[in-house]
Amino acid sequence: MRITNRKPGRPTAFLLGLTPFLGVLIAYAVASHTRRLENPADKLLPSLSDMGAAFMRMAFEADRRSGNYLLWLDTWDSLWRLGSGMLISTAIALILGISIGFVAHVRSGLAPFVATFSLIPPITVLPILFIIFGLGEVSKIMLIVVGTAPVMVRGVSQAVMDIPREMIIKAETLGASVWQMVTRIVLPQTLPQLITALRLGLVPGWIFLVSAEAIASTSGLGYRIFLVRRFLAMDVILPYVAWITLLAFIIDRLLRLLSKRAFPWHHLKGNSL
């Protein structure tokens, strides 16, 4: 049997997926050891033990100045901002996406605007948001909304337009109202795609969150990374980057699990994203 027709079992697939991560970890450990042999005070590639110690210190030792456990404080503040922004974007995507995809007049009026607005680099409007909303939480949340909502709206509206026209015609023939068609046909077909749009939107959402926190914030994961960079504290920066990656992975897996549990038929059709 050709290799293109073979599928690895679960243990093999797990080991194959783990191999690149182990390779990167080993390569880093070797590079760090080599640099530190030449210069024991090197800060660019701290040892794994130094990064582990720094992570434990940030997580389980109270800050002398504030008394807070900085890792958990930063994590909570960042997740709150990200969650608030993505919740608003999801609501906008659901309402506008269904309206644009289902009602032709709304599509003619709003689709060109949403498509054009989605092309604006969100980071360029950050100064405008700071001027309008100030340097507080609202401007950071709004940057996430501006950066993620337009793309999510386009994804949801396309999912609505992909619904077979025959289903709508049958519902109209049976006397269904617009509200009944939306709640009984459009929503069940669209919600799985909404979760997919949310998962895809989280990627730029994290970028805009870290960018906003780096520019104007007093807490958060992005704030902490840019605060310690002036000291070349790579033993803090690299664990924080790994922690952000782990959080993003967990959130993505939870949303995928929610989608599989709530809409199993959607995944049976081969939608394994």
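**Exercise 1. The lining of the largest pocket**

Determine which element gives the largest share of the lining of the largest pocket in this predicted model.

*Solution.* Step 1: the largest share, eight residues, is supplied by H10. Step 2: consider the pocket itself, which holds about 710 Å³ of space. Step 3: 17 residues line the largest pocket, and the closest to its centre are Phe21, Val24, Leu25, Ala242 and Thr245. Step 4: two or more lining residues come from each of helix H1 (10–38), helix H2 (48–60) and H10. Step 5: sorted by class, the lining comprises 16 nonpolar residues, one polar residue and no charged residues.

**Exercise 2. An aromatic pair and its setting**

Describe the geometry of the aromatic pair formed by tryptophan 72 and tryptophan 243, and state which helices the pair ties together.

*Solution.* Step 1: a search of the whole structure yields four aromatic pairs. Step 2: in the pair of tryptophan 72 and tryptophan 243, the centres are 5.7 Å apart and the planes stand at 85°. Step 3: planes over 60 degrees apart count as edge-to-face, and this pair is accordingly edge-to-face. Step 4: tryptophan 72 belongs to helix H3 (residues 70–102) and tryptophan 243 to helix H10 (residues 234–262), so the pair links parts that are 171 residues apart in sequence.

Is each of the two tryptophans buried, partly exposed or exposed?

*Solution.* Step 1: buried means under 20% relative accessible area, and exposed means over 50%. Step 2: tryptophan 72 has a relative accessible area of 38%, so it is partly exposed. Step 3: tryptophan 243 has 16% relative accessibility and therefore counts as buried. Step 4: both residues also belong to one aromatic cluster, formed by Phe55, Phe60, Trp72 and Trp243.

**Exercise 3. The fold as a whole**

State how many helices and strands the protein chain has, and decide whether the chain is more spread out than a compact globule.

*Solution.* Step 1: the secondary structure consists of 11 helices and zero strands. Step 2: along the sequence, this reads as α-α-α-α-α-α-α-α-α-α-α. Step 3: the globule rule gives 19 Å for 273 residues, whereas the radius of gyration of the protein chain is 23 Å, well over that value, so the chain is more spread out than a compact globule. Step 4: along the principal axes, the C-alpha atoms fill a box of roughly 80 × 65 × 30 Å.

What percentage of the residues of the protein chain count as buried?

*Solution.* Step 1: of the 273 residues, 37% count as buried. Step 2: turning to contacts between residues at least 6 apart in sequence, 66% join residues at least 24 apart.

Terms used
Residues numbered from 1 in each chain as written. Predicted model: local features only at pLDDT ≥ 70, side-chain atom pairs only at ≥ 80, totals over all residues. Heavy atoms only, no water. Phe/Tyr/Trp six-rings, centres within 6.5 Å; stacked < 30°, edge-to-face > 60°. Helix = DSSP H or I, 4+ residues; strand = E, 2+ residues; numbered from the N terminus. Buried < 20%, exposed > 50% of the residue type's maximum accessible area, 1.4 Å probe, protein only. 1 Å grid on protein atoms, 1.4 Å probe; cavity = no way out; pocket = protein on both sides within 12 Å on 5 of 7 lines; lining within 4 Å. Points joined across faces, edges and corners; volume = space filled by probe spheres on them. Nonpolar A, V, L, I, M, F, W, Y, C, P; charged D, E, K, R; others polar. Rg over C-alpha atoms; globule rule 2.2 N^0.38 Å. Contact = heavy atoms within 4.5 Å.
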